[in-house]
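This report introduces a structure to a reader who has not met it before. The sequence and the model are shown first, and selected features are then described in turn.

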Amino acid sequence: MADTTDAHGGFYLKSNGKSHIKSKSDPRSDSEIRNEEKKTIYCRICFNEISDHSKEMIINGRFSHEFVNPANITYTIGCFSDAVGCTVQGIPTLEATWFPGYAWSFAGCRQCSEHLGWFFQNNGDRFFGLILPKLDGDI
């Protein structure tokens, strides 16, 4: 994490590729500003911590995607680099994958076992596609 002074006496806090200007008169500490960026995302059923906004990622040009599965159920998912509150279940499969080349497994809440989405993987690349309406926390 690097801090760089700007020409106006403030400085930039660089975190996860994002820069934020903080003036010298800002009473918040650097860690308070970073914690505001790390807004927690919870399971809507049991309120277990699932991930946070710093783990959001862009896949195929977007964070959120809408897909229809073979059972004709529509899902709106968000992509996350990690979801510590999820367990991955099942053998990865390429069948009916929404992301070509990526095998998927189910992702469930570590606390209540609610199905929260899928874990996608392809030759070392990996991410979680989590069902946004099943999550809470300013998404």
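## Loops, strands and the largest pocket

Ser113 lies in the loop between S9 and S10. The model is a predicted one. Ser113 is exposed, with a relative accessible area of 51%, and its phi is near 70°, a positive value in a residue other than glycine. Most residues other than glycine have a negative phi. Asn60 also has a positive phi, of about 50°, although it is not a glycine. The place of Asn60 is in the loop between S5 and S6. With a relative accessible area of 60%, Asn60 is exposed; the cut-off for this term is over 50%. A further positive phi, of about 45°, belongs to Asn123, which sits in the turn of the hairpin formed by S10 and S11.

The residues in loops are set out below together with their phi values.

| Residue | Place | Phi |
|---|---|---|
| Asn60 | loop between S5 and S6 | positive, about 50° |
| Ser113 | loop between S9 and S10 | positive, near 70° |
| Asn123 | turn between S10 and S11 | positive, about 45° |

The hairpin leads on to strand S11. In this hairpin, 2 residues lie between S10 and S11. The two strands run antiparallel and are joined by 6 bridges; Phe120 has Phe127 of S11 as its bridge partner. S11 is also joined to strand S7, residues 74–80, by 4 bridges, and this pair runs antiparallel as well. Here the bridge partner of Ile77 is Ile131 in S11. Strand S11 covers residues 125–131, and 5 of its 7 residues are buried, so the strand is largely enclosed by the rest of the structure.

Ile77 also appears in the surroundings of His65. His65 lies in strand S6, which spans residues 64–68. Is His65 buried or exposed? With a relative accessible area of 3%, His65 is buried, because the cut-off for that term is under 20%. Leaving aside residues up to four places away in sequence, His65 touches Ile59, Asn60, Tyr75, Thr76, Ile77, Cys79 and Phe99. The side chain of His65 reaches the backbone oxygen of Ile59 at 3.0 Å. Asn60, one of the residues touched by His65, is the exposed loop residue described above.

Tyr75, another residue in contact with His65, helps to line the largest pocket. This pocket holds about 190 Å³ of space. Its lining consists of Asn69, Pro70, Tyr75, Glu95, Ala96, Thr97, Trp98, Trp104, Phe106, His115, Trp118 and Phe120. The elements that give two or more residues to this lining are strand S9 (103–109) and strand S10 (115–122). Which element gives the most to the lining? S10 does, with 3 residues. By class, the lining has 8 nonpolar, 3 polar and 1 charged residues.

A further group of strands forms an open sheet. Its 3 strands stand in the order S5-S4-S12, with antiparallel pairing. Strand S5 (49–52) and strand S12 (135–136) are the edge strands, each pairing on one side only. Strand S4, residues 40–43, pairs with S5 in the antiparallel sense over 3 bridges. Within this sheet, Ile41 stands opposite Ser51 in S5.

Methods:
Residues numbered from 1 in each chain as written. Predicted model: local features only at pLDDT ≥ 70, side-chain atom pairs only at ≥ 80, totals over all residues. Heavy atoms only, no water. Buried < 20%, exposed > 50% of the residue type's maximum accessible area, 1.4 Å probe, protein only. Polar contact = N/O pair within 3.5 Å; in protein donor to acceptor, adjacent residues only side chain to side chain. Contact = heavy atoms within 4.5 Å. 1 Å grid on protein atoms, 1.4 Å probe; cavity = no way out; pocket = protein on both sides within 12 Å on 5 of 7 lines; lining within 4 Å. Points joined across faces, edges and corners; volume = space filled by probe spheres on them. Nonpolar A, V, L, I, M, F, W, Y, C, P; charged D, E, K, R; others polar. Pairing = 2+ DSSP bridges.
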